[in-house]
Amino acid sequence: PFLHRLDRTGIAREYGESKRMLEDRLGAAVHTASLPRGWEPPEFESVISEVGYRVFCTSRVAWWHPGARPLSVPRIGVRRGMLPEEFAAIAAAVPRAIWRLQAIDAAKSVAKRCLGLDGWQRLRRPLLAFRYRHEGRA
């Protein structure tokens, strides 16, 4: 489910059950999770902390800096079609390396806020299908 649609109990269940399942199968403690889709609802960090996570990655594109909130870590996804030079610049923390990704992220956020997440998903599916067909011909 989209995370922002869950109440406190739903978030604790979703992340608590998956955490226990992973720990049982891995035989090791799991302290890190990430947001697959949606936005973090209010009080999210306190619920995640109570469930036992120490680090949580959001879907925001940005640099993380020591001392920043560990339960709100941005991430930079490596996507199909990313040029090796772009990846190298990101890995080297070149200051302007993520500007393009941040602009795309900002545009998506505006679309999600204007269309709502359901509307965004209806728009996103055909756009991705077109993109993948186009990349397949290249």
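Contact is taken here to mean heavy atoms within 4.5 Å, and on that basis residues 24 or more positions apart account for 46% of the contacts in the protein with a separation of 6 or more. The model examined is a predicted one. Its secondary structure comprises four helices and two strands, which, read along the sequence, follow the pattern α-β-α-β-α-α. Taken along the principal axes, the C-alpha atoms fill a box of roughly 45 × 35 × 30 Å. Of the 138 residues in the protein, 28% are buried, and the area that the protein exposes amounts to about 9,500 Å², of which carbon and sulfur atoms supply 58%.

The largest pocket of the model holds about 1,000 Å³ of space. Its lining is made up of 29 residues, and those that lie nearest the centre of the pocket are R79, I104, K108, R124 and R131. Helix α4, which spans residues 99–137, gives the most to this lining, contributing 14 residues. When the lining of the largest pocket is divided by class, 13 residues are nonpolar, five are polar and 11 are charged.

Two buried positions were examined individually, beginning with T58. This residue is placed in the loop between β2 (55–57) and α3 (84–91). With a relative accessible area of 0%, T58 falls under the 20% limit and therefore counts as buried. Residues up to four places away in sequence being set aside, T58 touches L35, E40, S72, V73, P74 and R75. For one of these partners, R75, the separation from T58 is 17 residues in sequence, while the C-alpha atoms of the pair are 6.6 Å apart in space. A polar atom of the T58 side chain also lies 3.2 Å from the backbone nitrogen of R60.

The second position, K19, belongs to helix α1, which covers residues 8–26. Although lysine is counted among the charged residues, K19 is buried, because its relative accessible area of 8% is under 20%. The side chain of K19 is joined to that of E23 by a polar contact of 2.5 Å. Once its neighbours within four places in sequence are left aside, K19 is in contact with V30, V51, G52 and Y53.

Attention then turns to the loop between α3 and α4, in which both A92 and A93 are found. A92 has a relative accessibility of 55%, which is over 50%, so this residue counts as exposed. A92 and A106 are 14 residues apart in sequence, and their C-alpha atoms are 23 Å apart in space. For A93, the relative accessibility is 45%, and the residue therefore counts as partly exposed, since this value lies between the limits of 20% and 50%. The backbone of A93 is notable for its phi, which is near 60° and is thus a positive value in a residue other than glycine. Most residues other than glycine have a negative phi.

Methods. Residues are numbered from 1 along each chain as its sequence is written. This is a predicted model: local features need pLDDT of at least 70, side-chain atom pairs count only at pLDDT 80 or more; totals for chains, interfaces and linings use all residues. Side-chain values use heavy atoms; hydrogens and water are left out. Buried means under 20% relative accessible area, exposed over 50%, partly exposed in between (1.4 Å probe, protein chains only). A polar contact is a pair of N or O atoms within 3.5 Å; within protein, one must be able to donate a hydrogen and the other to accept it, and residues adjacent in sequence count only if both atoms are side-chain atoms. On a 1 Å grid over the protein atoms alone, a cavity is a set of points where a 1.4 Å probe fits but cannot get out, and a pocket is an open set with protein on both sides within 12 Å along at least five of seven lines; lining residues have an atom within 4 Å of a point. Grid points are joined across faces, edges and corners, and a volume is the space filled by probe spheres set on the points. Accessible areas come from the Shrake-Rupley method with a 1.4 Å probe; for residues, only the protein chains shown count as cover.
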